[in-house]
Amino acid sequence: MCQSGTCGAAEAEVPIFVTINSSESDSASWEIEKVTLKDEGYYECIAISSAGTGQARTFLDVSEPPPAITVEQNVTVSPGTHAVLTCHVVSTVGFNLTWLRGGNDARLDPRVNILANLSLQVSKVTPDDSGWYECIAGNEGGNTADRIYLIVQ
């Protein structure tokens, strides 16, 4: 927040200045709509009045949002076949994807493979493979999770 005076971006390619005329004390704020990585940096506020000059400086750290996940409907397969569970991930930056079964890494089962599109494939399924499978996608902005139910019948 900037006090009465002149507010602007420090070390920006093009400084932006806002002048506020006010008597005695007042406050002002500056809102950046649709923040992007280009807005990251130092910002400085300079207040000038008959009482003197004051200034404040802050750093705006722009972080990426967590990934967005969509999953397919429940998957139903017959015993002895392969099951493919798909978790679609959208992220503005690189991400990691983890598949869990019962809170444990699903890859611990030797019949499980992660496909090139990051889908989870369970080979030679049995009724014991039925249940919830969770995909967790994470990037620098945080983690997002969703679940798919596998039915073997």
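Trainee: How many aromatic pairs does the rule give?

Mentor: The count comes to two aromatic pairs in this predicted model.

Trainee: What makes Tyr-42 and Phe-59 an aromatic pair, and why is it called edge-to-face?

Mentor: Their ring centres are 4.8 Å apart, and the limit for pairing is 6.5 Å, so the two rings pair. The planes make an angle of 65 degrees; because an angle over 60 counts as edge-to-face, that is the label.

Trainee: Where in the chain do Tyr-42 and Phe-59 lie?

Mentor: Tyr-42 belongs to strand S5 (residues 41–49) and Phe-59 to strand S6 (residues 52–60). The two are 17 residues apart, and the pair links distant parts of the chain.

Trainee: Why is Tyr-42 called partly exposed?

Mentor: Its relative accessible area is 37%. Buried means under 20% and exposed over 50%, so Tyr-42 falls in between. Phe-59, with 39%, is partly exposed by the same reasoning.

Trainee: How do you know that Trp-132 and Tyr-149 form an edge-to-face pair?

Mentor: The distance is 5.0 Å centre to centre, with 75 degrees between the planes. The distance is within 6.5 Å and the angle is over 60 degrees, so both conditions are met. Trp-132 is in strand S15 (residues 131–139), Tyr-149 in strand S16 (residues 142–152), and they are 17 residues apart.

Trainee: What makes Trp-132 and Tyr-149 partly exposed?

Mentor: Trp-132 has 38% relative accessibility, and Tyr-149 has a relative accessible area of 29%. Partly exposed is what lies between 20% and 50%, so the term applies to Trp-132 and Tyr-149.

Trainee: Which residue lies over the face of Tyr-42, and which over the face of Trp-132?

Mentor: Arg-57 lies over the face of Tyr-42, at 4.2 Å from the ring centre. For Trp-132 the residue is Arg-147, at 3.9 Å from the ring centre. Each distance is within the 6 Å cut-off.

Trainee: Why is Thr-144 called partly exposed?

Mentor: Thr-144, in strand S16, has 23% relative accessibility. Buried would require under 20%, so Thr-144 is classed as partly exposed.

Trainee: Which residues is Thr-144 in contact with, leaving aside its neighbours within four places in sequence?

Mentor: They are Pro-66, Pro-67, Ile-69, Cys-135, Ile-136 and Ala-137.

Trainee: What makes the approach of Thr-144 to Pro-67 a polar contact?

Mentor: A polar atom of the Thr-144 side chain lies 2.6 Å from the backbone oxygen of Pro-67. The cut-off is 3.5 Å, so the distance meets it.

Key:
Residues are numbered from 1 along each chain as its sequence is written. This is a predicted model: local features need pLDDT of at least 70, side-chain atom pairs count only at pLDDT 80 or more; totals for chains, interfaces and linings use all residues. Side-chain values use heavy atoms; hydrogens and water are left out. Rings of Phe, Tyr and Trp (its six-membered ring) pair if their centres lie within 6.5 Å; planes under 30 degrees apart count as stacked, over 60 as edge-to-face and the rest as tilted. Helices (H or I, at least four residues) and strands (E, at least two) are DSSP runs, numbered from the N terminus. Buried means under 20% relative accessible area, exposed over 50%, partly exposed in between (1.4 Å probe, protein chains only). A charge sits over a ring if NZ of Lys or CZ of Arg is within 6 Å of the ring centre and within 35 degrees of the ring normal. Contact means heavy atoms within 4.5 Å. A polar contact is a pair of N or O atoms within 3.5 Å; within protein, one must be able to donate a hydrogen and the other to accept it, and residues adjacent in sequence count only if both atoms are side-chain atoms.
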